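Thanks for coming, everyone. Please look at the screen while I bring up the model.

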Amino acid sequence: MAVKDPTAVERANLLNMAKLSIKGLIESALSFGRTLDSDYPPLQQFFVVMEHCLKHGLKVRKSFLSYNKTIWGPLELVEKLYPEAEEIAASVRDLPGLKTPLGRARAWLRLALMQKKMADYLRCLIIQRDLLSEFYEYHALMMEEEGAVIVGLLVGLNVIDANLCVKGEDLDSQVGVIDFSVYLKSDDDIGGKERNVQIAAILDQKNYVEELNRQLNSTVSSLHARVDSLEKSNTKLIEELAIAKNNIIKLQEENHQLRSENTLILMKTQHHLEAAKVDVEAELQTYKHSRQGLDEMYMEARRQLREEAQLRQDMENELVVQVSMKHEIELAMKLLEKDIHEKQDTLIGLRQQLDEVKAINVEMYQKLQVSEDAMKEKNEIISRLEDKTNQINATMKQLEQSDKDLLTQTRTIAMSFVKCANNEAQHQYKLVKDISF
């Protein structure tokens, strides 16, 4: 079996208790005479049930001495949301015998019931759930749909007339305990269905009459406001009409004056018109005489205009030619600049090549100097070798006389040595010659 939410069960139980309390209060009030006082037991049980409903899910607030739960906080908030509740809140604060917030809340509930505005006040309160969240938990009865249902049930209490004495009653120390024995069914209640139907019909008629009366009161108030606005607008229109009549009289006087002035102006205008006709006839004769000269001047001016137009056309053609020549010159200048830039790039490249050739020539000149020095050294070696050869020849001639075999061997060695020296000298000479080239 699914486990039920304990808070939902509490809300359902409180809703059922509120239904039984309100229903029993209305039925007993209709049978009792509708005017109730503070000692009436069903009425006391109703306040106890409402107190429990308002306390459900109330947040614990930390005070200076201890923790407490009070319903005066959300009820005090009603005067900010419903302007008509300011009077009842001020009356509760001014009561001398109340010392605790709970006592003020109980007094507020009693005064709201006497005003028949409890349903309106609480409906205005449950609409503002963002403000109620400061006082109640999210699962509280006033934050859920059960609160709206209880507010709807409270509308039926408007058929009850309550005459409660709040000033001398000790509301701070009362113990709010629900007496369930009041709501237990008996055989008399089961057999009184017809009476309940009659009571329900009477309540419906009472609610209809009160609602109709409320609508009529609102309609009458709106009609009074409309009559006041119409009276104000009528007074304003009367004043504007008087001002308009005065303006019409002034305008009629000005119109009469303007008509007389218009007659004088008309007479003067006719006199001036006759004189102007004589002047126009004289000017017409003068114009006819001067018309011929003007025609000649017009022909001359027309001829000059044609010449000026032709001259202007020639100037425009020349300007077009000049413009085309200017465009060609600009194009030639651009091409010339491009050619100059290319030649400058070529010149820079040639200069770089010339510098490279100069560096190569300097290097070759240095190598040539080195080759000439080496050639001089080789020539000295050759001269020394020739001297040695001559010495060897002389030695060979001396040795021929002593020994022929030794001379032959010596000659052979000397000739081979000379060939080697000559070959080496020729090789060095060719090398130097190649380097110089």
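How are H7 and H9 oriented to each other, roughly parallel or roughly antiparallel? This is a predicted model, by the way. Look at the two axes. H7 and H9 pack at an angle of about 160°. Angles over 145 degrees count as roughly antiparallel. So H7 and H9 are roughly antiparallel to each other. Their axes lie 8 Å apart. The crossing of H7 and H9 is left-handed.

Let's stay with these two helices. H9 covers residues 145-154. Five of its residues to find are Glu146, Gly147, Ile150, Val151 and Leu154, and they are buried. Where do they sit around the axis of H9? They span an arc of only 145°, so they are on the same side of H9.

Now H7, residues 118-127. Here we have a salt bridge between Arg123 and Asp120, at 3.0 Å from N to O. Arg123 and Asp120 are three residues apart in H7, so about one helical turn separates them. There is a general point behind that. An α-helix has 3.6 residues a turn, so residues three or four places apart point the same way. The two partners differ in setting. Asp120 is buried, at 9% relative accessibility. Arg123 is partly exposed, at 37%.

Next, a pair in helix H11, which runs over residues 193-402. Arg303 and Glu300 form a salt bridge there, with their closest N and O atoms 2.1 Å apart. Once again the spacing is three residues, about one turn of the helix. Buried or partly exposed, what is Glu300? Glu300 is partly exposed, with a relative accessible area of 34%. Arg303 is partly exposed too, at 40% relative accessibility.

Some salt bridges reach further. Take Glu79 and Arg93, whose side chains meet at 2.3 Å, N to O. This pair links distant parts of the chain, 14 residues apart. Glu79 is in helix H4, residues 78-81. Arg93 is in helix H5, residues 86-94. Glu79 is buried, with a relative accessible area of 17%. Arg93 is partly exposed, at 38%.

Which residues join Lys55 in a network of salt bridges? They are Glu51 and Arg106. And how many salt bridges does the count come to? The count is 13.

What about disulfides? How many does the structure hold? Zero. As general background, a disulfide is a covalent bond between the sulfur atoms of two cysteines. Two cysteines are worth finding on the screen. Cys53 is buried, at 2% relative accessible area. Cys124 is buried as well, at 16%.

One last stop. Go to helix H12, residues 404-436, and find Asn422. Asn422 is partly exposed, at 41% relative accessibility. Now find Leu385. Along the chain, Asn422 and Leu385 are 37 residues apart. How far apart are their C-alpha atoms? The separation is 9.3 Å.

A quick recap, then. H7 and H9 are roughly antiparallel, with a left-handed crossing. The salt bridges number 13, and the disulfides number zero. Over to you for questions.

Terms used: Residues numbered from 1 in each chain as written. Predicted model: local features only at pLDDT ≥ 70, side-chain atom pairs only at ≥ 80, totals over all residues. Heavy atoms only, no water. Salt bridge = Lys/Arg side-chain N within 4 Å of Asp/Glu carboxyl O. Helix = DSSP H or I, 4+ residues; strand = E, 2+ residues; numbered from the N terminus. Buried < 20%, exposed > 50% of the residue type's maximum accessible area, 1.4 Å probe, protein only. Arc of directions from axis to C-beta. Disulfide = S-S within 2.5 Å. Axes fitted to C-alpha atoms, helices over the stretch in contact; angles between N-to-C directions. Parallel < 35°, antiparallel > 145°, perpendicular 65-115°, else oblique. Left-handed = near helix turned anticlockwise from the far one by under 90°.
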